[in-house]
Amino acid sequence: MRLATWNVNSIRARIDRVIAFLERSDTDVLAMQEIKCRPDQFPTEAFTQAGYEVVAHGLNQWNGVAIASRIGLSDVVHQFPDQPTWAAKAGEDGVVEARALAATCAGVRVWSIYAPNGRELDHPHYRYKLDWFAALRQDVAESLAQAPEQKTIFVGDWNVAPLDTDVWDIAAWEGKTHVSAPERAAFASLEQAGLVEITRPLAQGYTYWDYKGLAFPKNKGMRIDFMLASPALAQLATSAVIDRDERKGKGASDHVPVIVDFDLDAN
């Protein structure tokens, strides 16, 4: 199975590039983030014509996640247990944002994850981000304890750079989100709960470059897109690629695909 994750930064703006990527890369399952549309606005027909089933979860023009698969897609879930809510304005009721989506593909439970940004260290969104990670960690720990043999993977844009080397210049990020100790601890807690981050040992490089300041030509990037697998699946990963070239050219997303191959017949 070839699995890819990609923050596409608007699927409607990027549909031609996404379909071309699927055809070029021979990807079986693609988890997408920041699709920026509702399911009724999602360009499903393009995926169908390319041979993929697709499920999308989006509430408005912000956030949103999707999964496309040509090897089966079933048991769809649109959030994880106790996923916290976010109120865009003070006094409004909070909503469970479209940041998590799961489906089973060829026996593998795939989660497309778009973690909250956090905005600034003193912003309420930062506390929301940490609460969001805490709830996910609790679900991961309980799920692995109940079914350690399950082949599960959480992939996507985590909005955390776990290591100083995951940022082009760590000094430029002093006092900002993505690199703060609590955020890094929150990400690490998922591994402490039993997940295994499988991309770092297999592929090196950044996965995100801002549109501003010629960040891509200057390679001022970050590594914030990862895959965290259950031990039963992690041991089946054979290779990985960060498709840096997908950041080139007109109409590129500010993220690039991360691709991992699994030998599901190995055990």
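The following exercises, each with a worked solution, concern a predicted model of one protein chain.

**Exercise 1. Overall form**

Task: Determine how many helices and strands the protein chain has, and establish why it counts as being as compact as a globular protein of its length.

Solution.
Step 1. The secondary structure of the protein chain comprises five helices and 14 strands.
Step 2. The radius of gyration is 17 Å, and the globule rule gives 18 Å for 267 residues. These two values are close, so the chain is as compact as a globular protein of that length.
Step 3. The C-alpha trace extends over about 45 × 45 × 40 Å along its principal axes.
Step 4. Among contacts with a separation of 6 or more, 71% join residues 24 or more positions apart.

**Exercise 2. Surface and charge**

Task: State what share of the residues is buried, what area the chain exposes, and how far apart the centres of the two sets of charged side chains lie.

Solution.
Step 1. Buried residues make up 55% of the 267 in the protein chain.
Step 2. The exposed area is about 11,500 Å², and carbon and sulfur atoms contribute 50% of that area.
Step 3. There are 27 positive and 36 negative side chains. The centres of these two sets are 7 Å apart.

**Exercise 3. The nonpolar cores**

Task: Identify which residues of the largest nonpolar core touch the most other members, and list what F262 contacts beyond its neighbours within four places in sequence.

Solution.
Step 1. The largest nonpolar core holds 34 residues. Those touching the most other members are L3, I67, I153, I198 and F262.
Step 2. With neighbours within four places in sequence set aside, F262 contacts M1, L3, I153, I198, L233, L236, A237 and T238.
Step 3. A second core, separate from this one, has 26 residues, among them W111, A135, V140 and L144.

**Exercise 4. Positive phi outside glycine**

Task: For N9 and A106, give the phi value, the place in the chain, and the class of burial or exposure.

Solution.
Step 1. As background, most residues other than glycine have a negative phi.
Step 2. N9 has a positive phi, near 55°, and is not a glycine. N9 sits in the loop that joins β1 (2-7) and α1 (11-25).
Step 3. The relative accessible area of N9 is 8%, so N9 is classed as buried, the cut-off being under 20%.
Step 4. A106, likewise not a glycine, has a positive phi of about 55°. The loop that contains A106 runs between β6 (100-105) and β7 (108-114).
Step 5. A106 has a relative accessible area of 44% and is therefore partly exposed.

**Exercise 5. Two glutamines in helices**

Task: Locate Q192 and Q138, classify each by relative accessible area, and give the C-alpha separation of Q192 from R137 and of Q138 from D82.

Solution.
Step 1. Q192 belongs to helix α4, residues 181-192. Its relative accessible area is 62%, so Q192 is exposed, the cut-off being over 50%.
Step 2. Between the C-alpha atoms of Q192 and R137 the distance is 8.9 Å, with 55 residues separating the pair in sequence.
Step 3. Q138 lies in helix α3, residues 124-146. With a relative accessible area of 40%, Q138 is partly exposed.
Step 4. Q138 and D82 are 56 residues apart along the chain, and their C-alpha atoms are 9.1 Å apart.

**Exercise 6. Two strand residues**

Task: Decide whether V65 and D225 are buried or exposed, and describe the surroundings of D225.

Solution.
Step 1. V65 is part of strand β4, residues 65-69. The relative accessibility of V65 is 0%, so V65 counts as buried.
Step 2. K36 is 29 residues from V65 along the chain, and the C-alpha distance of this pair is 8.3 Å.
Step 3. D225 occurs in strand β12, residues 225-229. The relative accessibility of D225 is 1%, so D225 also counts as buried.
Step 4. D225 and V256, 31 residues apart along the chain, have C-alpha atoms separated by 8.7 Å.
Step 5. Residues up to four places away in sequence are left out of the next list. D225 then touches N7, G156, D157, T207, H255 and V258.

Key:
Residues numbered from 1 in each chain as written. Predicted model: local features only at pLDDT ≥ 70, side-chain atom pairs only at ≥ 80, totals over all residues. Heavy atoms only, no water. Helix = DSSP H or I, 4+ residues; strand = E, 2+ residues; numbered from the N terminus. Rg over C-alpha atoms; globule rule 2.2 N^0.38 Å. Buried < 20%, exposed > 50% of the residue type's maximum accessible area, 1.4 Å probe, protein only. Contact = heavy atoms within 4.5 Å. Areas by Shrake-Rupley, 256 points an atom, 1.4 Å probe, with all protein chains shown as cover. Lys, Arg positive; Asp, Glu negative; His and termini not counted. Charge placed at Lys NZ, Arg CZ, Asp CG, Glu CD. Core = buried A, V, L, I, M, F, W, Y, C linked by side-chain atoms within 4.5 Å.
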